[in-house]
Amino acid sequence: MKTALLLIAGSLLILIVILAVNTANFESRQIEAEPADVSAFDSGAIAERLSRGLKLHTISHSLDGPIEAEAFFALHAQLASDYPLTHKTLVRETVSDYSLLYTWEGTKPELPAALLLAHQDVVPVETGSEDAWEQPPYSGHIDATHVWGRGAMDDKGSLFCIMEAVEGLIARGYQPERTVLLAFGHDEELGGPQGATQIAELLASRGIKAEYVLDEGGAVTEGTLSMLDSPVAVIGIAEKGSVSIDLVVETLGGHSSMPPRQTGIGILSAAIATLEANPVPGGIAGPVELMFNHIGPELDFPINMVMANLWLFRPVLERVFASDPSMDAMQRTTTAATIINGGVKTNVLPSRVKATVNFRILPGDTHDSVFEHVVGTIADDRIQVTKRRESRNPSPVSPVDSLGFKAIQKTVRDYFPTAIVTPYLVMGGTDSRYYSEISTNLYRFAPFLYNNEDRERIHGTNERIAIDTLGRAAGFYTRVIELTTAPGAANSL
Ligand SMILES: [Zn+2]
């Protein structure tokens, strides 16, 4: 008896020591901040140029809809006149009529390039929501604090600040060693079939490789993590894929007075319920685990101890994550039945019932593996299961020790010294995924500070951007370009 108690006490002691040692060794991954001079750019002047850009209706309506050609051409003309040095120094090419590719050849063009992305197009203003806008969506209205308009945050703010950075660098005689490429697609909001896809193909056909790609996606966020007071800068290192799977049941139909025990609707409903009860297995790994490693050391006891000891607490954390849709989406391929059709009359059994289930695919899964999961889970040969063509696999996961990541991470710390920087998984899609042939280092981050309320403005009403963040963003892009393209600059990382 005594020996058993001693054994238990001994094991507990060992466990406590292991937990404590792991927690003590769970060191901060944050780079020492060297606060930058954020007043180097004139935010008011950038706001004025952005405001004019926001007046242009570069709207992506639909894949088969009309293109706002005049608006895109007007934006191209504005860029040429607002950024004359850039247009004198860089080669500008038009791709698929409306997308832009700028090449600033480096002194060592044999080095892989630095590729910065943004998109010119914006989503339409939802019909009926116009009156909810405090300022008309294409007014480019400037008040004391903000520039208002569709596209201010997504993504003309980035586009203009990238141009400001390049113009500023040329003005002071900067010469990159590595070639700098700027690619501004015109149909990102429609999935980028003509813009990013074609630019990436063009670059690939020229044998061009990029050391890294910087696109939109993450930002500096405030108020996302209740346990952390500091803002969190999230840099997307991967994005989820997507597949929609159609389920069809065809039966004889007939009159509702003598139905079979299970109708087509019953068969299909049971299948959907089975899929919801048996989600694709997931877990804390990959980008989410990396995120824990970056945020964990900044948290207080006992949460830091939990994150430092995933070997023990992983199952508990996974269960906690599973209870919240936004957290669960980070650890698994999600299942969402989004369309169901069948039946037109109260007394007729439908002969054909159809449902569509959309899955957002976690890196590690593929649309093929999700399809197999669906077929195997339903296990009902009365149901025809087909995968829609527009499926896409998740992006590869980009490393966090590349030159590009380190430069972005360092620059975020310098321009947002209180922010905790972490890699993360992007839930939506960006243009960057098309560039995986060009580079293995794809990062999704825009240098703007957003709180929870701001984020709802993206694709929503009252989109606007704070004027005082514009100079900071231009400074950020300037520094990232310098750190990755100036001779010897990488040595400081
Ligand atoms: Zn966007």
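User: At what angle do helix α5 and helix α15 pack?
Analyst: In this predicted model, helix α5 covers residues 156–171 and helix α15 covers residues 468–485. Their axes are 8 Å apart. α5 is oblique to α15, and the packing angle is about 60°.

User: Which residues of α15 make the contact with α5?
Analyst: α5 passes α15 in a right-handed crossing. From α5, the contact uses Ser158, Cys161, Ile162, Glu164, Ala165, Val166 and Leu169. Their counterparts in α15 are Leu470, Ala473, Ala474, Tyr477, Thr478, Ile481 and Glu482.

User: Are α3 and α5 roughly parallel or roughly perpendicular to each other?
Analyst: Helix α3 spans residues 69–82, and its axis comes within 11 Å of that of α5. The two axes cross at roughly 30°. Angles under 35 degrees count as roughly parallel. α3 and α5 are therefore roughly parallel.

User: Which residues of α5 meet α3?
Analyst: The crossing of α3 past α5 is right-handed. On the α3 side, the residues are Leu75, Gln78, Leu79 and Asp82. On the α5 side, they are Lys156, Leu159, Phe160, Met163 and Glu167.

User: Where is the cis peptide bond that involves Asp155?
Analyst: Asp155 lies in the loop between β4 and α5. Most peptide bonds are trans. Here omega is about 15°, and the cis bond joins Asp154 and Asp155.

User: Which residues are the protein donors of the zinc ion?
Analyst: Asp154 contributes an OD atom to the zinc ion. NE2 of His119 is another donor, and Glu216 is listed with OE twice. The donors lie 1.8 to 2.5 Å from the zinc ion, and the residues are His119, Asp154 and Glu216.

User: Is the site of the zinc ion tetrahedral or irregular?
Analyst: There are four donor atoms, with angles of 55 to 147° among them. Four donors count as tetrahedral if all angles lie between 85 and 135 degrees. The angles here do not all lie in that range, so the site is irregular.

User: How many residues apart in sequence are the parts that His119 and Glu216 tie together?
Analyst: The donors follow the spacing H-x34-D-x61-E along the chain. His119 lies in strand β3 (residues 113–119), whereas Glu216 lies in strand β6 (residues 210–222). The pair therefore ties together parts whose separation in sequence is 97 residues.

User: Is Glu216 buried or exposed?
Analyst: Buried means under 20% relative accessible area. His119 has 0% relative accessibility and counts as buried. Glu216 has a relative accessible area of 12%, so this donor is buried.

User: How do α1 and α10 lie to each other, roughly parallel or roughly perpendicular?
Analyst: Helix α1 (residues 2–24) and helix α10 (residues 310–322) have axes that come within 12 Å. Leu15, Ile18, Leu19 and Asn22 in α1 meet Trp311, Leu312 and Phe313 in α10. The axes cross at roughly 90°. α1 and α10 are therefore roughly perpendicular.

User: With which residues is Gln409 in contact, leaving aside its neighbours within four places in sequence?
Analyst: Gln409 is in helix α13, which covers residues 403–415. At 7% relative accessibility, Gln409 counts as buried. Outside those sequence neighbours, the contacts are Arg29, Ile31, Ile235, His294 and Val421.

User: What separates the C-alpha atoms of Asp131 and His367?
Analyst: Asp131 is in the loop between β3 and β4, and at 78% relative accessibility counts as exposed. Along the chain, Asp131 and His367 are 236 residues apart. Their C-alpha atoms are separated by 41 Å.

User: What is omega for the cis peptide bond between Phe301 and Pro302?
Analyst: Pro302 sits in the loop between α8 (286–295) and α9 (303–308). The bond joining Phe301 to Pro302 is cis, with omega about 5°.

User: What is the phi of Asp97?
Analyst: Asp97 is in the loop between β1 and β2, and is exposed with a relative accessible area of 53%. Most residues other than glycine have a negative phi. For Asp97 phi is positive, near 70°.

User: What is the phi of Ala379?
Analyst: The loop between α12 and β13 holds Ala379. Ala379 is exposed, at 62% relative accessible area. Its phi is a positive value in a residue other than glycine, near 45°.

Terms used. Residues numbered from 1 in each chain as written. Predicted model: local features only at pLDDT ≥ 70, side-chain atom pairs only at ≥ 80, totals over all residues. Heavy atoms only, no water. Donors = N, O, S within 2.8 Å, 3.2 Å for Na, K, Ca; no water. Tetrahedral: all angles 85-135°; square planar, octahedral: opposite > 155°, others 65-115°. Helix = DSSP H or I, 4+ residues; strand = E, 2+ residues; numbered from the N terminus. Buried < 20%, exposed > 50% of the residue type's maximum accessible area, 1.4 Å probe, protein only. Axes fitted to C-alpha atoms, helices over the stretch in contact; angles between N-to-C directions. Parallel < 35°, antiparallel > 145°, perpendicular 65-115°, else oblique. Left-handed = near helix turned anticlockwise from the far one by under 90°. Contact = heavy atoms within 4.5 Å.
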